[in-house]
Amino acid sequence: MNAILKLDKSKIKIREYPYSPQVPVNKGTAARILEIAEGAKNGLILEIKRYYPPKSNQANKLMWKVCTDIANEISKEYSITKEDVYQKAIRDCGVYEDVPTPNDELQEKIRMWNSIGIGWFCEERSSLLEGGKTTLRKYYGSSKYNSKQMSILIRSLIDDAANMGLRIDDPATLALLSDEDKNYIKASQEAI
């Protein structure tokens, strides 16, 4: 898609053939975009992303319920906590950022990041970087997830539970879900 973006004081005009939509923005946003654009010596890239609302308390309750159910099942044979299950899910499908970190700051950065919460943890990924740096993978806990990110995390946990033969389609659990996630659970439970 080719588009031309025109900025003025109250609107962003996007010229894309065959039509030219105008997107109204508030004055503060328009002023900030113009300020950034004026200071951009080598051009400007604007990224537009779909908005997802923050995760709900119901989704958070469901996530911890499924983590607890999985931990209870596994702990019949091995020592594991719901926090271990949660961290594995974050590692498998959660949000992270790879950051080159000076080796002399590595332990302090890890300690600080890990202190934020259970889902906030780091892993050293590579120490082969130039300049005495290591790539640090910083995982974000679900407390900062939007509804889409949380849905991905929950679905991963639901799949893990289904693979273990755990049923999680009881009425109390289903009451915590969106219609889309209810359908996902029903489909995953039919295989059990």
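**Figure 1. Lys 182 is partly exposed in this predicted model.** The relative accessible area of Lys 182 is 25%. Partly exposed covers values that are neither under 20%, which would be buried, nor over 50%, which would be exposed, so the value of 25% places Lys 182 in the middle class. Lys 182 sits in helix 7, which covers residues 179-190. When neighbours within four places in sequence are set aside, the contacts of Lys 182 are Leu 174 and Leu 177.

**Figure 2. The whole protein has seven helices and six strands.** Along the sequence, the elements come in the pattern β-β-β-α-α-α-β-α-β-β-α-α-α. The protein has 192 residues, and 29% of them count as buried. Among contacts with a separation of 6 or more, 57% are between residues 24 or more positions apart. The views that follow look at parts of this arrangement.

**Figure 3. Three strands make an open sheet in the order 4-6-5.** Their pairing is antiparallel. Strand 4 (96-102) and strand 5 are at the edges and have a single partner strand each, so each has one side without a neighbour in the sheet. From one strand to the next, the twist averages 25°. In general, the strands of a sheet are paired through hydrogen bonds of the backbone, in a parallel or an antiparallel way. Strand 4 pairs with strand 6 over seven bridges, and strand 5 pairs with strand 6 over six bridges. Of the seven residues of strand 6, six are buried, so this strand is largely enclosed by the rest of the structure.

**Figure 4. Strand 5 and strand 6 form a hairpin.** Three residues lie between the two strands. Gly 131, in the turn, has a positive phi of about 75°. The strands run in the antiparallel sense, and several residues can be matched across them. Phe 121 is opposite Tyr 139 of strand 6, Glu 123 is opposite Arg 137, and Ser 126 is opposite Thr 135. On strand 4, Glu 97 has Lys 138 of strand 6 as its bridge partner.

**Figure 5. Phe 121 and Tyr 139 form a stacked aromatic pair.** The ring centres are 4.7 Å apart, with 25° between the planes. Planes under 30 degrees apart count as stacked, so the angle of 25° puts this pair in that class. Phe 121 belongs to strand 5 (residues 121-129) and Tyr 139 to strand 6 (residues 133-139), so the pair ties together parts 18 residues apart in sequence. Are these two residues buried or exposed? Phe 121 is buried, at 6% relative accessibility, and Tyr 139 is buried as well, at 2%. Ring pairs also bring in Tyr 96, which forms a cluster with Phe 121 and Tyr 139.

**Figure 6. Trp 64 and Tyr 86 form a tilted aromatic pair.** It is one of six aromatic pairs found in a search of the whole structure. The rings lie 4.7 Å from centre to centre, and their planes make an angle of 40°. Trp 64 is in helix 2 (residues 57-74) and Tyr 86 is in helix 3 (residues 82-93), and the two residues are 22 residues apart. Trp 64 is partly exposed, with a relative accessible area of 21%, whereas Tyr 86 is buried at 3%.

**Figure 7. Helix 3 and helix 5 cross at roughly 115°.** Two packed helices are described by the angle between their axes and the distance between those axes. Here the axes of helix 3 and helix 5 (residues 147-163) come within 10 Å, and the crossing is right-handed. Helix 3 contributes Val 85, Tyr 86, Lys 88, Ala 89, Ile 90 and Cys 93 to the contact. From helix 5 come Ile 152, Leu 153, Ser 156, Leu 157 and Asp 160. By class, the residues of this contact are eight nonpolar, one polar and two charged.

**Figure 8. Helix 3 lies across strand 5 and strand 6.** Helix 3 runs at about 45° to strand 5. Helix 4 (residues 106-114) also packs on the sheet, where it touches strand 4, strand 5 and strand 6. The direction of helix 4 makes about 155° with that of strand 5.

Technical notes: Residues numbered from 1 in each chain as written. Predicted model: local features only at pLDDT ≥ 70, side-chain atom pairs only at ≥ 80, totals over all residues. Heavy atoms only, no water. Phe/Tyr/Trp six-rings, centres within 6.5 Å; stacked < 30°, edge-to-face > 60°. Helix = DSSP H or I, 4+ residues; strand = E, 2+ residues; numbered from the N terminus. Buried < 20%, exposed > 50% of the residue type's maximum accessible area, 1.4 Å probe, protein only. Pairing = 2+ DSSP bridges. Axes fitted to C-alpha atoms, helices over the stretch in contact; angles between N-to-C directions. Left-handed = near helix turned anticlockwise from the far one by under 90°. Contact = heavy atoms within 4.5 Å. Nonpolar A, V, L, I, M, F, W, Y, C, P; charged D, E, K, R; others polar.
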